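This briefing covers a single protein chain and is intended for reading alongside the coordinates. It takes up burial, strand pairing, salt bridges and an annotated site in turn.

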Amino acid sequence: MAPAGEKKNILKRLDAGEVVIGDGGFVFALEKRGYVKAGPWTPEAAAEHPEAVRQLHREFLRAGSNVMQTFTFYASDDKLENRGQTLSFTGRQINEAACDLAREVANEGDALVAGGVSQTPAYLSSMTEEEVKAIFMKQIDVFVQKNVDFLIAEYFEHVEEAEWAVQVLKASGKPVAATLCIGPEGDLNGVSPGDCAVRLVKAGADIVGINCHFDPETCVKTVKLMKEGVEKAGLKAHYMSQPLAFHTPDCGCQGFIDLPEFPFGLEPRILTRMDMHKYAREAYNAGIRYIGGCCGFEPYHIRALAEELEAERGCLPAGSEKHGSWGSGLSLHTKPWVRARARRDYWEKLKPASGRPFCPSMSTPDSWGVTKGHADLMQQKEATSKEQLEALFDKASKGN
């Protein structure tokens, strides 16, 4: 047991077999609320509109989240100044504000604070290991100063860059989690999920897994492959999954960013809370104990995870005060046919309609096949020019 007033750290919780519920997708949630710009997807809202970020943290805490991840996705300086961005805040100011907000809300419950770093334009532009690591180090300095509880390297398409991030994070002395945004095919260089996981553990990651780019079913499948690889290598790790809240059965190796609906037409793909119950159970049965979400996840999705794992966690989240399990609250409805839906088997068997009679059930993803070092991915500080855009429009119209 942790001393009175001291929260048990992430590794002690996982070592004890506890379920740790993560939070959701701040970038997409705040974009929909008007605080993040789609395209750069940068987190200046932590400094510009702290009230919005604070409120979202509180909603995830109320929904059952055990971790308040700092809103520092894409907060590296090279990303903040990429392609003509002009911001009023530095990366350090954004990271400091994000840490303070996460800590403030975490202290309102039994939640931990995780400082997060993500992939960089510098790596995609083929900058050196030393240059990329220096970018991570600037963020880590803030996280150490603010004394976050643990660190997450998330949203990496190439295991090599994730290894570099883990090596920098590990030097802090804090527990380190590392998640790749890959599917069963592996990273963008074709490194298998099992080999990726082994490399991350050897680099120093205590927790490994998957986040973003794919739906829960795909992410759980991929984490299973990672777990098999780690165990085959005779290594040990904890496992985590933070998938999309979108169905992505038609995605290629780069996930939902290749879908023609990305990012403004994804709503028909959103998972229901019943889907989330299924995800939580499948993740738990796969041996995953850090279970959360990424883009598309809203607090009610996280609440569904917490409710599905009530027996394992020994509690319900505060948000369940206003939510009858499996529709039981519908027994209070004025209409009898809605009251008839106040039962689990109804919602488990439901096949939701889309209401879109002329829409296909699957899309054809874009498959441009560009990755690290390609000219189209090179970092530039100046804004994307009209000529550059016209070249991309032409390439897209000709089928790449």
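A residue is called buried when its relative accessible area is under 20%, exposed when that value is over 50%, and partly exposed in between. By this cut-off cysteine 212 is buried, because its relative accessible area is 2%. The model is predicted. Its strands include an open sheet of 8 members with parallel pairing, and the structure holds 22 salt bridges. A record adds a site: UniProt lists Cys212, Cys294 and Cys295 under "binding site" in an unreviewed entry.

**The sheet**

- The strand order in the open sheet is β1-β8-β7-β6-β5-β4-β3-β2.
- The edges are held by β1 (20-21) and β2 (67-69), each of which has a single partner strand, so one side of each lacks a neighbour in the sheet.

**Strand β5 and its neighbours**

- Strand β5 comprises residues 176-180 and is mostly covered, with 5 of its 5 residues buried.
- In a regular strand, side chains alternate between the two faces of the sheet.
- In β5, Val176, Ala178 and Leu180 point one way, while Ala177 and Thr179 point the other way, and all of these residues are buried.
- On one pairing, strand β4 (residues 150-156) runs parallel to β5 over 4 bridges, and alanine 153 stands opposite alanine 178 of β5.
- On another pairing, β5 joins strand β6 (residues 207-211) in the parallel sense, also through 4 bridges.
- Within the pairing with β6, alanine 177 stands opposite isoleucine 207, and leucine 180 has isoleucine 210 as its bridge partner.

**Crossovers**

- A right-handed β-α-β unit is made by β4, helix α9 (residues 159-170) and β5.
- From β5 the chain then crosses through helix α10 (residues 193-203) to β6, and this β-α-β crossover is right-handed too.

**Salt bridges**

- Side chains of opposite charge can pair when their charged atoms come close.
- Glutamate 18 and lysine 8 form a salt bridge through their side chains, at 2.5 Å from N to O.
- This pair links distant parts of the chain, 10 residues apart: glutamate 18 is in the loop between α1 (10-15) and β1, and lysine 8 is in the segment before α1.
- Both partners are partly exposed, glutamate 18 with a relative accessible area of 29% and lysine 8 at 22% relative accessibility.
- Arginine 58 and glutamate 104 also form a salt bridge, with their closest N and O atoms 3.5 Å apart.
- Because arginine 58 lies in helix α4 (residues 50-63) and glutamate 104 in helix α6 (residues 91-106), the bridge ties together parts that are 46 residues apart in sequence.
- Arginine 58 counts as partly exposed at 31% relative accessibility, and glutamate 104 does so at 32%.
- A network of salt bridges links Arg54, Arg58, Glu104 and Glu108.
- Glutamate 96 meets arginine 92 in a salt bridge of 3.1 Å, N to O.
- These two residues, glutamate 96 and arginine 92, are 4 residues apart in helix α6, which means that about one helical turn separates them.
- Glutamate 96 is partly exposed at 22% relative accessibility, and arginine 92 is partly exposed at 39%.

**The annotated cysteines**

- The "binding site" entry in UniProt, which is unreviewed, names Cys212, Cys294 and Cys295.
- These residues span 84 residues in sequence, yet no two of their C-alpha atoms are more than 6.4 Å apart, so they gather at one spot.
- Cysteine 212 lies in the loop between β6 and α11 (216-232).
- Not counting residues up to four places away in sequence, cysteine 212 touches Tyr155, Cys181, Cys219, Gln242, Pro243, Leu244, Phe256, Cys294 and Cys295.
- Cysteine 295 is found in the loop between β8 (290-291) and α13 (299-308), and it is buried with a relative accessible area of 10%.
- Apart from neighbours within four places in sequence, cysteine 295 is in contact with Gly25, Phe28, Cys212, Pro243, Leu244, Ala245, Phe246 and Phe256.

How values were computed
Residues numbered from 1 in each chain as written. Predicted model: local features only at pLDDT ≥ 70, side-chain atom pairs only at ≥ 80, totals over all residues. Heavy atoms only, no water. Buried < 20%, exposed > 50% of the residue type's maximum accessible area, 1.4 Å probe, protein only. Pairing = 2+ DSSP bridges. Right-handed = clockwise from strand over helix to strand, strands pointing away. Salt bridge = Lys/Arg side-chain N within 4 Å of Asp/Glu carboxyl O. UniProt positions renumbered as here; feature names shortened; annotations may be inferred. Contact = heavy atoms within 4.5 Å.
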